[in-house]
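Here are my notes for you to read with the model open beside them. Take the points in order and find each residue on screen as you go.

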Amino acid sequence: MFDPMSVWLHEMPEQLRGSMCLSIDLPPQYHHVKYNAVLICAMGGSAIGGDILSTAAAQQAPCPLLVHRSYGLPAWADADTLVCAVSYSGNTEETLSAYHAAVERGCLRVVISSGGELTRLAQKNGDALISVPGSLMPRAALGWLFASLALALEEIGLLCGMRKDIRATAEMLEEMRPELVPENEVRYNPARALARSLQGQLPLIWGCTGTTEAVARRWKAQFNENAKIPAWHNTLPELDHNEIMGFDLPEEILQRIVLILLRDPDDPPRLQKRMDITRALVESRIHSVVEVPARGHDPLSRLFSLIYLGDYASYYLAKGYGLDPVVIPRIDALKSAMTAGEQGEA
Ligand code: PA5
């Protein structure tokens, strides 16, 4: 039977490579402007690429790269702010609201979408528009959404080396792919093994600020949307100041928690030490701990190596539960309910 999610997962490296062939021509007014910030306005599966970019580019970006997940814009955003409105469907109301606020404030705008109202508005208003291929679920279009954003910022001179890093990341994922695909049996397949260890349990995913934070967030969302289970994420060092205390009660819930520690060799030594100590302090209170090391020679490859493994693990967990990883009926119902009757109201 045709299984679209497995095809989309398989194609993540091709999405990254394909982005380098998209039309990403930003007119001269976008270049060499002294922006006070880049504000990436997006929600859910369209927003995570912004988190990854803001981590991967933190050491070189000349201004903050911030992800804004809500309506409107923060008060400080003004005509010196570059607004990147990213919505795979182009119809997400929070992103459209942020886009309208950007028009009102006179911000330069980059729109990344596969269609919808956002594309229509970008065309009408003459914004820089990057059209990504349609017919996927937004979370399955991460390769397109991340890379087109990164390349747009490179194109206008805000970032450099993105093309090279994206190419290296695609190579890394291609190297990992034979291990992760469904044809590879469980004892050689780390994603299937992880999914098996999560069956009937609750994942708690920890990363580190500055490295794996966005990955932890991605894993949580993929477990929610693909496998339809509750999941939580948090980051060190902050969690050592609060969450570490939350391992006393209730016993029956704690005994179902599998703690997943995302480990990147780039994690600063003090954070690595914290992770070791924190693990030792909570391990006996929960079901089990799994450490997942990042692979790859550069920071972006390492982030995506973890994402690829987590995406596949959430897919196998859905399959293990006999669920369709593609459908998201409660999100669809929420969106329908939010718009119900609005034409009549207007
Ligand atoms: O994964 C999903 O489908 C959601 O998280 C969507 O990405 C989110 O609802 C926003 O929609 P869009 O990505 O089309 O802007």
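1. Let's begin with the lining of the largest pocket in this predicted model. By class, its residues split into eleven nonpolar, twelve polar and ten charged. The lining has 33 residues, and those that lie nearest the centre of the pocket are Met 43, Gly 44, Gly 45, Ile 331 and Lys 335. Try picking out these five before you look at the rest of the lining.

2. Which elements give two or more residues to that lining? They are strand 3 (81-87), helix 4 (93-105), helix 9 (213-225) and helix 13 (329-339). Helix 9 provides the largest share, with seven residues. As for volume, the largest pocket holds about 880 Å³ of space.

3. Now add the ligand to your picture. The space it takes is the largest pocket, so you can keep the view you already have. Around the ligand there are 13 residues, and the ones that come nearest are Ser 46, Ser 87, Ser 89, Thr 92 and Glu 225. Sorted by class, the shell around the ligand has four nonpolar, six polar and three charged residues.

4. Next, zoom in on three side chains that meet oxygen atoms of the ligand. For Ser 46, a polar side-chain atom is 2.5 Å from a ligand oxygen. Ser 87 also places a polar side-chain atom by a ligand oxygen, here at 2.6 Å. The side chain of Glu 225 has an N or O atom 2.6 Å from an oxygen atom of the ligand. How much of the ligand's accessible area does the protein cover? On its own the ligand has 370 Å² of accessible area, and the protein covers 93% of this.

5. Please look at the enclosed space as well. How many cavities of 30 Å³ or more does a search of the whole structure find? The search finds one, and the largest cavity contains about 60 Å³ of space. Its lining is made up of Met 5, Trp 8, Leu 9, Met 12, Gln 15, Arg 139, Ala 140, Arg 218, Gln 222, Asn 226 and Asp 311. Helix 1 (4-10), helix 2 (12-19) and helix 9 are the elements that give two or more residues to this lining. The most come from helix 1, which gives three. By class, five of the lining residues are nonpolar, three are polar and three are charged. You have now met helix 9 twice: it contributes to the lining of the largest pocket and to that of the largest cavity.

6. Finally, a few backbone details deserve your attention. Most peptide bonds are trans, and most residues other than glycine have a negative phi. Against that background, the bond joining Leu 236 and Pro 237 is cis, with omega about 10°. Another cis peptide bond runs from Leu 249 to Pro 250, and its omega is near -15°. Where do the two prolines lie? Pro 237 is in the loop between strand 7 (232-236) and helix 10 (251-254), and Pro 250 is in the loop between strand 7 and helix 10 too.

7. One more backbone angle is worth finding. Ser 135 is not a glycine, yet its phi is positive, at about 70°. You will find Ser 135 in the loop between strand 5 (128-131) and helix 6 (142-155).

How values were computed: Residues numbered from 1 in each chain as written. Predicted model: local features only at pLDDT ≥ 70, side-chain atom pairs only at ≥ 80, totals over all residues. Heavy atoms only, no water. Near = heavy atom within 4 Å. Polar contact = N/O pair within 3.5 Å; in protein donor to acceptor, adjacent residues only side chain to side chain. Areas by Shrake-Rupley, 256 points an atom, 1.4 Å probe, with all protein chains shown as cover. 1 Å grid on protein atoms, 1.4 Å probe; cavity = no way out; pocket = protein on both sides within 12 Å on 5 of 7 lines; lining within 4 Å. Sits in = over half its atoms within 2 Å of the grid points. Nonpolar A, V, L, I, M, F, W, Y, C, P; charged D, E, K, R; others polar. Points joined across faces, edges and corners; volume = space filled by probe spheres on them. Helix = DSSP H or I, 4+ residues; strand = E, 2+ residues; numbered from the N terminus.
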